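Here is a short briefing for a first look. Take a moment with the sequence and the model before reading on.

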Amino acid sequence: MTSTLLIRNASELVTVRGAGGSPRTGTEMDDLGIIKNGAAAIEDGRIVALGQSDEIAARFSWADTVIDATNKVVLPGFVDCHTHLVFGGSREDEFVQKIQGRSYLEILNSGGGILSTVDRTRQALVCPEALLERAHGFLGTMLAFGTTTVEIKTGYGLSQESELGMLKVIARLKDSGPVDIVSTFLGAHALPGEYRDRRDDYVRLVLGMLETVKTGSLAEYCDVFVEQGAFDASEARTILAKAREHGLKLKLHAGEFSDIGGVEVGVELGATSIDHLEHISDRGMALMADKRTVGVLLPGVPFHLMTDRYAPARKLIAAGVPIALATDFNPGSCPTLSMQSIIALACRQLKMTPAEAISAATINAACALDRGNEVGSIEVGKKADIIIMDIPNHRQLPYWFGINLVDTVVKKGVIVRSTNGYTDEALLT
Ligand code: NIG
Ligand code: FE
């Protein structure tokens, strides 16, 4: 049976429409396609009409459910296009060391960092139910903060068995709740201790894991951490070229602490996105702009690591690189679940305007996951993933910080979170 939801009287209906499923670049990022006093009608999980509130409310006066968004901003749900959401343990001990001046790579190279989370995750995989339940809780918090689509990477298993275990947990999360999940295989996240002096053997093992990933259709993307102390550009090329042969789409972690050629490999192999980019050359920016490779910026990382080296967002935007934003949620470099905090940081540290940051967290982030035709904007035909925020205009979104401004979350046309208590209870479990 058809059910219709009407959202009306929004002080701003921020549509981010008009990009046609492509990412916004340059000055387009400042154009949010705002309809003042706007309304949207939703039928069976899809957006069917948009426009001035009076007109849409009259056309859909018979709607089953009506939300009054007076004095509120209505936005597309956030797309968090880069996370490491499944992991065991936490790393507050290293956080204290970082406060005292120890660097992220120093900690990794001495066997801590990612490798300590690998130990904790391998232990946790013995009983995947607890790992699953914890990850499910993280997703619930993300949803309450307005995120409706999330990418999740493996990379804390680093053995055939444990990487497969992580992929299975991610697959079960897809069935566990309303948030849409995109799965990424990151077997090349770090060199596990047992392969310390056998790099080539580990790269071969990752190539073997890719066979399993392909056979079970367990991931949509393959990612590699290109960095000193992780994998070099040539190892990344070998792994990503094989992944592409197997039909996986590509992502890279590149330029987080140094520029060692990851951008060039990513562009050459047709990666959908290249992420981090705190260190990137002018040539790298030109290559990405030319191929319209999405640059996913993660300002929560230098903030949490206290490095003071942020991605050159203004230069990237001026060069024409499509910019997205994500949390990078993980226990080492960015333990936040909130895209609102990331938008707030992007404005303050990357000097992005509120409108640019919103484009980056919605339509461009959807494009970083090849979902630009499905989500990331409020347009007729798209999935009704919509958030209502308790602010009168979008510029207040990054202005208030450390506060959850979300009033209501609509996922595929269903109210799944609401401060006034009206929700579909079945979806909250
Ligand atoms: O994107 N840099 C590599 N991977 C993550 C951090 C993972 C961790 O420290 O556990 C990142 O920053
Ligand atoms: Fe990451």
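Leaving aside its neighbours within four places in sequence, which residues is A188 in contact with? They are V206, V224, F225, F231 and I239. This is a predicted model. The points below start with the whole protein and then turn to single sites.

**Overall build**
- The protein holds 16 helices and 16 strands.
- A compact globule of 429 residues would have a radius of gyration near 22 Å. The protein has 21 Å, which agrees with that value.
- Measured out along its principal axes, the C-alpha trace spans about 70 × 45 × 45 Å.
- Of the 429 residues, 60% are buried.
- Take the contacts with a separation of 6 or more: 71% of them join residues 24 or more positions apart.

**Surface and charge**
- The accessible surface is about 15900 Å². Carbon and sulfur atoms supply 50% of this surface.
- There are 42 positive and 53 negative side chains. The centres of the two sets lie 2 Å apart.

**The iron site**
- Four protein residues act as donors to the iron ion (ligand 2): H82 (NE2), H84 (NE2), H253 (NE2) and D328 (OD).
- These donors lie 2.1 to 2.3 Å from the iron ion.
- Along the chain, the donors follow the spacing H-x1-H-x168-H-x74-D.
- Two of these donors, H84 and D328, link distant parts of the chain, 244 residues apart.
- H84 sits in the loop between strand 6 (78–80) and helix 2 (92–99). D328 sits in the loop between strand 13 (323–325) and helix 13 (339–349).
- Both H84 and D328 are buried.

**Buried spots**
- A188 belongs to strand 8 (residues 180–188). A188 counts as buried because its relative accessibility is 1%, and the cut-off is under 20%.
- A188 and D223 are 35 residues apart in sequence. Their C-alpha atoms are 7.3 Å apart in space.
- E94 lies in helix 2. Its relative accessibility is 6%, so E94 also counts as buried.
- Beyond its neighbours within four places in sequence, E94 is in contact with I107, G112, G113 and S116.
- Helix 14 (residues 354–361) is largely enclosed by the rest of the structure, because seven of its eight residues are buried.
- The buried residues of helix 14 are A355, E356, A357, I358, S359, A360 and A361.

**Positive phi angles**
- N9 has a phi near 65 degrees, a positive value in a residue other than glycine.
- N9 is placed in strand 1 (residues 4–14). At 24% relative accessibility, N9 counts as partly exposed.
- S217 is not a glycine either, yet its phi is positive, at about 45 degrees.
- S217 is found in the loop between helix 7 (199–215) and strand 9 (221–226). With a relative accessible area of 64%, S217 is exposed.

**Two points to check in the model**
- Where do the iron donors H84 and D328 sit along the chain? Each is in a loop: H84 between strand 6 and helix 2, D328 between strand 13 and helix 13.
- Is S217 buried or exposed? S217 is exposed.

Key
Residues numbered from 1 in each chain as written. Chains lettered and ligands numbered in written order. Predicted model: local features only at pLDDT ≥ 70, side-chain atom pairs only at ≥ 80, totals over all residues. Heavy atoms only, no water. Helix = DSSP H or I, 4+ residues; strand = E, 2+ residues; numbered from the N terminus. Rg over C-alpha atoms; globule rule 2.2 N^0.38 Å. Buried < 20%, exposed > 50% of the residue type's maximum accessible area, 1.4 Å probe, protein only. Contact = heavy atoms within 4.5 Å. Areas by Shrake-Rupley, 256 points an atom, 1.4 Å probe, with all protein chains shown as cover. Lys, Arg positive; Asp, Glu negative; His and termini not counted. Charge placed at Lys NZ, Arg CZ, Asp CG, Glu CD. Donors = N, O, S within 2.8 Å, 3.2 Å for Na, K, Ca; no water.
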